[in-house]
Amino acid sequence: MSESRSRRSGLAVVDPGGHKLPLSLAGPGAMGKTGYWRTQRPVVNVEKCTGCYLCWLYCPDNVIEMVPGKGPRGQDIPVIDYEYCKGCGVCAAACPVKAIDMVDESKFLEKKG
Amino acid sequence: MAKLVAMRGNEAVAYAAKYARVEVVAAYPITPQTIIVEKIDELISKGEMDAEMIHVESEHSALAATYGAASGGVRAFTATSSHGLMYMYEVLWWTAGSRIPVVMAVVTRAIGPPWNIHVSHEDILATRDTGWLVSMAENNQEAFDLTIQMFRITEDPRVYLPGIIGLDGFILSHTVEPVELPDQETVDEFLPPRRQPYIMEPGEPKAMGNLVPDEYFEELRMDMQQSMENAVRVIREVGKEYAKYFGRDYSSLIECYKCSDADYIVAGTGSWMGDAKIAADKLREKGYRVGVMRLRWIRPFPWRDVREAAMSKKAVIVMDRSLSTGHAGPLFLELSSALEAKPSMIGVPAGIGGVDISYDDIALFTEKAIQLVEERGRVYIPAMWYHLGKIFPTYPSSDVKLD
């Protein structure tokens with residue numbers, strides 16, 4: 001069967017005969033870089049963060065990585081991949097110490113401009 | 001040794017599924033289901049067919065289970081009709097869009113209300129836009145032959161789309177005709193092991209049908225259109241190859257009967273085109289040069305063949321056992337478009353809901369249409385309804401004189 005020879009070209013999964021298929025393989029971004037969907041950006045306040053991992057656990061898009069020992073008190077802290085984070089705010093809601101603020105994306109645009 | 005056996009269209013298709021070594025069949029056993037799956041159940045329980053029969057709770061599930069099994073890598077088959085096909089409609093799109101080869105027989109019947117279990121083409125013609133290949137048999141032998149070929153066509157890497165074989169409700173499904181059953185060995189030689197673009201299986205995780213960017217969605221549809229285009233060539237190749245193995249040639253997507261010298265063409269699909277041939281002969285005795293063009297394939301639509309056969313004719317009379325209510329019969333619309341309505345085009349909705357149409361009826365409305373063209377010159381009449389020996393123009397504006 002040709003499946004194992006299926007190759008991923010850009011976003012498309014193409015079979016050996018050249019047919020584009022409605023498949024996505026395990027890995028980031030079958031829909032492309034979904035960060036641009038975001039209207040609100042989760043910003044981590046590392047001073048408040050206790051390194052409890054709840055945001056990491058709750059993130060539905062798997063875009064939070066915990067970096068060991070990098071917090072100001074030596075605690076593990078979350079780093080968010082903004083290329084794929086859709087800004088759903090689940091992490092902010094899950095945080096027991098309110099260490100994640102949802103900040104309007106326009107704030108970041110203004111800074112740039 | 002091949003053997004000639006008297007059987008109904010239902011059995012012919014069931015045997016074809018057996019000869020194709022179908023491994024999974026899913027069906028919902030209720031009216032309007034057909035004897036096709038009942039016969040398959042019987043063949044399985046007698047040990048003559050090595051397949052799994054899944055009884056599901058609806059036709060939506062019947063096709064979903066068939067398509068699921070096929071995604072898992074086995075040759076899968078189902079059959080339905082009328083309301084059952086309507087209930088499957090969503091899954092028709094999923095099967096085709098997933099590029100998973102599946103073969104299904106559709107016994108063509110009217111859609112209610114009121115309740116009616118007789119022949120009509122509304123059900124099968126509603127599948128035109130789904131991405132399935134759609135063929136129509138004229139007789140039980142052809143229903144058998146198309147089913148065998150459909151596996152090979154749909155599983156060809158140039159195509160990878162599912163396919164439907166249509167056979168007329170009761171006229172074929174419940175009528176006994178001689179059908180030649182081949183040797184299993186010959187079918188095995190003709191039909192290579194199943195191929196498909198991917199298999200859903202543990203070990204190689206993947207998601208099918210998830211959200212994709214709009215551009216990619218459109219590109220998938222473009223690929224399906226290209227595959228339909230490829231299917232024209234594949235159908236011809238497979239039809240020619242079939243003749244080598246079994247002696248019956250299916251290399252043409254349309255069948256033309258006495259078309260070459262004809263002034264007038266009667267066009268349509270399904271079993272009544274056999275009657276149309278007799279009607280053509282009768283009209284020829286009266287001095288009208290009439291030919292018959294039968295569409296064996298609805299998708300891919302054989303527009304090139306149609307143009308070659310009928311573009312230069314005086315008129316094309318399209319028999320439609322179906323109506324796109326508010327306009328005309330679907331075949332009339334497709335043929336008028338393929339022919340740029342250069343010949344006079346006269347659509348004749350008739351025989352809807354199983355109303356019996358004999359060759360005398362066909363001769364009668366064809367002669368009427370010819371006389372109309374001879375009196376008025378080029379005409380375009382979307383729906384000149386024929387009902388119980390009478391012509392009913394459905395609305396006055398339909399009778400358009402062109403020049």
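## A walk through chains A and B

In this predicted model, strand β2 (residues 24-27) of chain B pairs with strand β4 (residues 76-81) of chain B in the parallel sense, over 2 bridges. Within this pairing, B:Val24 has B:Ala76 of β4(B) standing opposite. As general background, the strands of a sheet pair through backbone hydrogen bonds, either parallel or antiparallel.

The two strands belong to an open sheet of 7 strands in chain B, whose order is β3-β2-β4-β5-β7-β6-β13 and whose pairing is mixed. The edges of this sheet are formed by β3 (52-55) and β13 (297-299) of chain B, each of which has a single partner strand, so that one side of each is left without a neighbour in the sheet. If direction is ignored, neighbouring strands of the sheet are turned by 20° against each other on average. Helix α4 (residues 82-97) of chain B packs on the sheet, where it touches β4 and β5 (103-108) of chain B, and the direction of the helix makes about 120° with that of β4(B).

From the sheet one can move to the nonpolar interior. The largest nonpolar core has 127 residues, and those with the most contacts inside it are B:Val13, B:Val25, B:Val266 and B:Val316. Because domain 1 (3-246) and domain 2 (254-401) of chain B both give residues to this core, it lies between them. Taking B:Val25 as an example, and leaving out residues up to four places away in sequence, one finds that B:Val25 touches B:Ala17, B:Val37, B:Ile40, B:Ala51, B:Met53, B:Phe77 and B:Thr78. Apart from the core of 127 residues lies another core, of 13 residues, among them A:Val44, A:Cys55, A:Ala92 and A:Ala99.

How is chain B divided into domains? The assignment gives domain 1 (3-246) and domain 2 (254-401), and the centres of these two domains of chain B, taken over C-alpha atoms, are separated by 29 Å. Their contact takes 26 residues from domain 1 of chain B and 18 residues from domain 2 of chain B. On the side of domain 1 of chain B that touches domain 2 of chain B, α5 (122-125), β6 (133-136) and α8 (214-246) of chain B each supply at least two residues, and the largest share, 5 residues, comes from α8(B). The residues of this side of domain 1 of chain B divide into 14 nonpolar, 7 polar and 5 charged.

Chain A, for its part, has 3 helices and 8 strands, and from the N terminus on its elements run β-β-β-β-β-α-β-β-α-β-α. Of the 113 residues of chain A, 21% count as buried. Among the contacts in chain A between residues at least 6 apart in sequence, 62% join residues at least 24 apart.

What remains is the contact between the chains, which takes 19 residues from chain A and 25 residues from chain B. On the side of chain A that touches chain B, β3 (20-21) and β4 (23-25) of chain A each supply at least two residues, while the largest share, 3 residues, comes from β4(A). The residues of this side of chain A divide into 10 nonpolar, 6 polar and 3 charged. Strand pairing also joins the chains, for β4(A) and strand β9 (residues 206-208) of chain B pair in the antiparallel sense over 3 bridges. In this pairing, A:Leu23 has B:Met208 of β9(B) as its bridge partner.

How values were computed:
Residues are numbered from 1 along each chain as its sequence is written. Chains are lettered from A and ligands numbered from 1 in the order in which they are written. This is a predicted model: local features need pLDDT of at least 70, side-chain atom pairs count only at pLDDT 80 or more; totals for chains, interfaces and linings use all residues. Two residues are in contact if their C-beta atoms, placed from the backbone, lie within 7 Å. Helices (H or I, at least four residues) and strands (E, at least two) are DSSP runs, numbered from the N terminus. Ala, Val, Leu, Ile, Met, Phe, Trp, Tyr, Cys and Pro count as nonpolar, Asp, Glu, Lys and Arg as charged, and the others, Gly among them, as polar. Two strands pair if DSSP finds at least two bridges between them. Domain bounds come from an automatic or database domain assignment. Axes are lines fitted to C-alpha atoms, for helices over the stretch in contact, and angles run from 0 to 180 degrees between N-to-C directions. A nonpolar core is a set of buried Ala, Val, Leu, Ile, Met, Phe, Trp, Tyr and Cys residues joined through C-beta atoms within 7 Å. A residue is buried if 20 or more other C-beta atoms lie within 10 Å of its own, exposed if 12 or fewer, and partly exposed in between; C-beta atoms are placed from the backbone.
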